[in-house]
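Open the model in your viewer, keep the selection box handy, and follow along stop by stop. We will begin with a single strand and work outwards from there.

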Amino acid sequence: MNNIIEVKNLTKKFGDFVAVNNISFDVKEGEIFAFLGPNGAGKTTTIKMLTTILHPTKGQIKLNGFDVVKEPTKARQSFGIVFQDYSLDDELTAFENMEFHGVLYQVPKEIRRSRIEYLLKLVELWQRRKDLVKNFSGGMKRRLETARGLLHHPKILFLDEPTLGLDPQTRNLIWSYIKNLNKEERITVFFTTHYMEEAEKIADRVAIIDYGKIIAQGTPVELKEKTKTQSLEEAFIKLTGHQIREEEANSVDRMRMRRRVRFGR
Amino acid sequence: MMKIYIIWLRQIKRYFRSRSRLIGSIAQPLLFLLALGFGFGPIFQKAGGGNYIQFLAPGIIGMAILTTSLFSGAEIIWDRQFGFLKEMLVAPISRLEIMIGRTLGGATVAVLQGMIVFLISFLVGFRPQATFWPLALIFMFLVAILFCALGTTIASLLTDIQGFQLIMNFLVMPLFFLSGALFPLQGLPQIFIKIASLDPLSYGVDGLRASLIGGAHFGFLADFAVLGIVASLFLVLGSYFFSKMEI
């Protein structure tokens, strides 16, 4: 099988802080790959580099054979992403947000309309499709965001904590839809999550990142055998320790840090 | 094309949904039009300049377009803060297309604002006389595109809205006051004319005035050429900085 994601010696530094430290991994086509790690381990920074919105300090990333730095538009055609934090337009309705996405990703009109209806019904927002997103609750926004990420069926789907803050019912619905997409359309899924039982149940392979380095890779069974534990959660804690991590800086904090570094303030 | 259209459409929808923005950005030009128009009117008349409202209205239309266009850059910063920018930046669409869609959207909104000011000035006595008045629309669009591109360029380099507003206020006033929107450039000291000829808005106001009431200072062709060249330059510059943006 082909490697649809190839990451070689990837490093990202913010000033003196090394967020991602020389990591390498591959994801095979059609695989469901979980990228796990404690808060601030470098998961989101890695996903940002994979999805072309952050430039690596060093190293190479290939998505579907395209180098993300040299051929960003072609790389972007190959993936879809559900972000960890909000990325909806509050002043548009739920339907308009979906439509905007569908047009940008060139989903033909008929497929677009029927998929929007199907997905909005799946996340139970069809009744509210004409409401402005600014009137939605946090959970509704999250559901809309996930539905939007599934609208175009890309070759690779990045999901950065897609089920964070969702109830078990919705989580199950969304995962069964994603698994189905993976099976029917051979979409490769790359996701992060803090729910270890989710990763154990769904992922074919898992990589665990901590302090910017990948400390373990393999199938959930392999990781359990290696650490002599009963579940992925136990394996995860054994590998990364019990210590609680500091929350990862958001983009604005990081921007401030970068400015401080640049101007020596 | 559809991608550019949907980006344009988004901005138009946002504009019509935000009434406070509509009214807020009309208030200042209206104040200038009424206070200066009626305040300086008699003196202007005595000095042999003719009807001041006639002279002033094209300048104020230019001002409304200038402020609306420049501040449309702020939307990029809002989009960044609310996360929507990410949605656009990961989409399979070139930065240039995003830039074009945004600029056209912002420019359309600015021209609409300009038309509203035009209608209001008509109500207070402005009567276009020149026969080239359809040309005014072209000049309005050129000015709008130029300053939208400049606003986008500046917004791409900044991350906080306060900084953006500070820079904008610092830009808007000199651009407006030095453009000859309020007074004729003829007969001014050479140094002042030189400075005014460095201000792209001067050519916009001149083109608008020439097409609405006649009597160009720089001439139609010069106005058109300068606006076109500077607008293209800012578009290229804006696309460059926009493409360098990271989240």
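**Stop 1: strand 3 of chain A.** Select A:Ile32, A:Ala34 and A:Leu36, which point one way from the strand, then A:Phe33 and A:Phe35, which point the other way; all are buried. Here a residue is buried if 20 or more other C-beta atoms lie within 10 Å of its own, exposed if 12 or fewer and partly exposed in between, with C-beta atoms placed from the backbone. In a regular strand, side chains alternate between the two faces of the sheet. Strand 3 of chain A is mostly covered, with five of its five residues buried.

Before you move on, two notes on reading this model. It is a predicted one, in which local features need pLDDT of at least 70 and side-chain atom pairs count only at pLDDT 80 or more, while totals for chains, interfaces and linings use all residues. Residues are numbered from 1 along each chain as its sequence is written, and chains are lettered from A and ligands numbered from 1 in the order in which they are written. Helices (H or I, at least four residues) and strands (E, at least two) are DSSP runs numbered from the N terminus, and two strands pair if DSSP finds at least two bridges between them.

**Stop 2: the partners of strand 3.** Add strand 8 (residues 188–192) of chain A, which pairs with strand 3 of chain A in the parallel sense over three bridges. Look for A:Phe191 in strand 8, opposite A:Ala34. Now add strand 9 of chain A: its pairing with strand 3 of chain A is also parallel, and runs over four bridges. A:Phe35 has A:Ala207 of strand 9 as its bridge partner.

**Stop 3: helix 9 of chain A.** Select residues 232–240 and highlight the buried ones, A:Leu232, A:Ala235 and A:Phe236. Turn the view to look down the axis of helix 9: these buried residues fall within an arc of 100 degrees (taken from the directions from the helix axis to the C-beta atoms), so they line one face of the helix. What covers them? The cover includes strand 3 (32–36), helix 7 (196–202), strand 9 (205–210) and helix 8 (220–227) of chain A. Just past the end of helix 9, A:Gly241 takes a positive phi of about 85 degrees.

**Stop 4: strand 6 of chain A.** Select residues 79–82; both faces of this strand are covered. A:Phe79 and A:Ile81 are buried on one side, and A:Gly80 and A:Val82 on the other. Strand 7 (residues 156–160) of chain A runs parallel to strand 6, joined to it by four bridges. One pair to click on is A:Gly80 with its bridge partner A:Leu157.

**Stop 5: an antiparallel sheet.** Four strands of chain A form an open sheet in the order 2-1-4-5, with antiparallel pairing. Its edge strands, each pairing on one side only, are strand 2 (17–28) and strand 5 (66–67). Strand 1 (residues 3–14) pairs with strand 2 over eight bridges, and A:Lys12 stands opposite A:Val20 in strand 2.

**Stop 6: helix 3 of chain A.** Select residues 94–104, where nine of the 11 residues are buried. Among them are A:Met98, A:Phe100 and A:Leu104. Which elements cover the buried residues of helix 3? They include helix 4 (109–122) and helix 5 (138–149) of chain A, together with helix 1 (2–17) of chain B. Just after helix 3, A:Gln106 has a positive phi of about 55 degrees.

**Stop 7: where the chains meet.** In all, 21 residues of chain B are in contact with 26 residues of chain A; contact means that C-beta atoms, placed from the backbone, lie within 7 Å. The largest share of the chain B side, seven residues, comes from helix 1 of chain B. By class, that side has 10 nonpolar, three polar and eight charged residues. Ala, Val, Leu, Ile, Met, Phe, Trp, Tyr, Cys and Pro count as nonpolar, Asp, Glu, Lys and Arg as charged, and the others, Gly among them, as polar.

**Last stop: step back.** Show the whole of chain A, with its 10 helices and 10 strands. Its C-alpha trace spans about 50 × 45 × 35 Å along its principal axes, and 40% of its 265 residues count as buried.

Terms used
Two residues are in contact if their C-beta atoms, placed from the backbone, lie within 7 Å.
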